[in-house]
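I opened this entry to record what I looked up, going from the whole chain down to single residues.

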Amino acid sequence: MDSIDWWRTAVIYQIYPRSFADSNGDGVGDLNGITERLDALVSLGIDAIWLSPFYRSPQADAGYDVSDYCDVDPLFGTLADFDRLLARAHDLGLRVIIDLVPNHTSSGHPWFEEALTAAAGSPERQRYLFRDEPTDWQSVFGGSAWTQVPDGQWYLHLYDVSQPDLNWRSADVRAMFEGVLRFWLDRGVDGFRVDVAHGLIKDDTFPSYPETPLGVLAKANAPYWDQDEVHEIYRSWRAVLDEYTAADPSRPRVMCGEANVSVPRTARYVRPDEMHQTFNFPYLTTPWDASALRAVIDASLAAYGEVGAPSTWVLSNHDVVRHASRLGYPPDSPAGAGIGIGDPQPDEELGLRRARAASMLMLALPGSAYLYQGEELGLPEHTEMPDQFRQDPNWVRKNYTERGRDGARVPLPWISSAMAFGFGAGEATWLPQPTGYGRYARDLQEVEPTSTIGMYRSALALRHEFDLGRGDLEWTSEPGAAVLAFRRGELQVICNLGPDPVRLPAGAELLLSSSPDVEAQVPTDCCVWWRAQP
Ligand code: GLC
């Protein structure tokens, strides 16, 4: 924890608690499992962890349906377990960011239960979005975004029917969340990842909008995404965070928004008095194409630079097909909505080669990068999970037409020869692991210098040594070329997305390569870091 603006350059590792490590053998990962294995993350060289939700929840959307924002669900442990995790992480020099889910509560939240028993127009109903008539708005998970209650009114849920949207024009809602922020800040967290940050305010004229909202990148102009009034909420939260930062300036408290909007619009969430970071979904959704990648990198650096914020970069998370599988498809293939038995399968070897190159490209960029648990193993998606195991509400709500996100959420392989590949004390895993996961287990990779984890570890060490999180990027390849080449100070990068090998400049000292056995030539789908020999 060396720098007070750590978040500008941080590599932040997303832990999906259900699937990281299971300490009690019930098949679901838990907080103690995380605490026990934090050392593995420190040795990787990351700066911070982000924990997906572990709060009390009926688990209808894997914890993104919260019924008590200030307690730990017994599935994951206790508040005391959380405190131990936090203390251990801090001892090890890791910052801890937790997930805040302000767009909706669970239908099991006491407020929603009160709203259901209260009358139309009551203060209890005004905390949510109840109306006498539904609109034509669609849920992100499929079907109408409105559900009728017994007295005839309808409530809005942009996600599952069990996730009623809160009314962010209600003073009760604002006060409740300020309390939630303070509760966790007082416990010592370093910040928040804000779920659906672009969705809190809805156009209160409720205009017609029949289009289906996209899951990963929201369309502009929807009456429930990216409304100007959301920014005022983040300004008020920033003031709360700044209070804590002022009390201990060595520990700035930060916010990162999940604002699934286009690049110039995302930058509005990170103006100096709002959030610190926002996810760069346009980068995640860019195909493996040199011109497209160059364009999104330039656009991101320009847009974030204009407001004085760092750009962030991300390739995988718990909502998308893992990049090791996504990149194993030909261009334009519809892998975004999940993969299952009977679907075209990715080329696993090609996917891994490209994923390693893509990760090295990302880690060479200035700003902050987000890693999703398992990507350091080169882990593919579970692309042949039998459908009866699926738990993502998308699968049911979209009438079994979209496989959804379970394939990216499978418990991690730690030990190739152990039960459940060492995920937990027992045999149980809440989602089945593919048999092929044994090959990717951490224990095998730890002893193999050219393994994917070895590559990530070396990349993070070099990123630190050359201070790659800061400074400018200078292109040395031409626009339109199939090769991306740039300089980051002394360190230079060549990422070859074209069909032909590229010769390394004479006298180049190779620092790291995404493919083994690279010497004078950089092959297709390979990224190298090099410097001129002194
Ligand atoms: C965010 C989460 C996703 C969840 C949704 C609703 O997009 O990342 O997992 O389903 O919000 O809370």
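I first checked how the contacts are spread along the sequence: of those in the protein chain with a separation of 6 or more, 68% are between residues 24 or more positions apart. I note that the model is a predicted one.

**Overall form.** I looked up the secondary structure and found 14 helices and 20 strands in the protein chain. I then compared the radius of gyration with the globule rule: the chain has 23 Å, which agrees with the value near 24 Å for a compact globule of 534 residues. The box around the C-alpha atoms, taken along the principal axes, is roughly 75 × 50 × 45 Å. Buried residues make up 61% of the 534. For the surface I noted about 19,300 Å² exposed, with 53% of it from carbon and sulfur atoms. I also looked up the charges: there are 45 positive and 76 negative ones, and their mean positions lie 2 Å apart.

**The parallel sheet.** I traced an open sheet of eight strands with parallel pairing, in the order E11-E10-E9-E5-E2-E1-E13-E12. Its edge strands, E11 (277–278) and E12 (312–314), each pair on one side only. Within this sheet I looked at E9 (residues 191–194) and E10 (residues 254–257), which are joined by four bridges. Phe192 has Met255 in E10 as its bridge partner.

**Leu31.** I found Leu31 in helix H1, which covers residues 31–36. Its relative accessible area is 0%, so I list Leu31 as buried. Leaving out residues up to four places away in sequence, I noted that Leu31 touches Phe54, Val72, Phe76, Thr78, Asp81, Phe82 and Leu85. I also took the C-alpha distance from Leu31 to Leu75, which is 9.2 Å across 44 residues of sequence.

**Strand E16.** I asked how many of the six residues of strand E16 (residues 491–496) are buried. Six of the six are, so the strand is largely enclosed by the rest of the structure. Leu491, Val493 and Cys495 point one way, and Gln492, Ile494 and Asn496 the other way.

I then looked up the partners of E16. Strand E15 (residues 483–488) pairs with E16 over six bridges in the antiparallel sense, and Phe486 stands opposite Val493. The hairpin of E15 and E16 has two residues between the strands, and Gly489 there takes a positive phi near 70°. Strand E20 (residues 526–532) also runs antiparallel to E16, joined to it by five bridges. In E20, Trp530 is the bridge partner of Gln492.

Methods. Residues are numbered from 1 along each chain as its sequence is written. This is a predicted model: local features need pLDDT of at least 70, side-chain atom pairs count only at pLDDT 80 or more; totals for chains, interfaces and linings use all residues. Side-chain values use heavy atoms; hydrogens and water are left out. The radius of gyration is taken over C-alpha atoms; the globule rule is 2.2 Å times the number of residues to the power 0.38. Buried means under 20% relative accessible area, exposed over 50%, partly exposed in between (1.4 Å probe, protein chains only). Contact means heavy atoms within 4.5 Å. Accessible areas come from the Shrake-Rupley method with a 1.4 Å probe; for residues, only the protein chains shown count as cover. Lys and Arg count as positive and Asp and Glu as negative; His and the chain ends are not counted. The place of a charge is taken as NZ of Lys, CZ of Arg, CG of Asp or CD of Glu. Two strands pair if DSSP finds at least two bridges between them.
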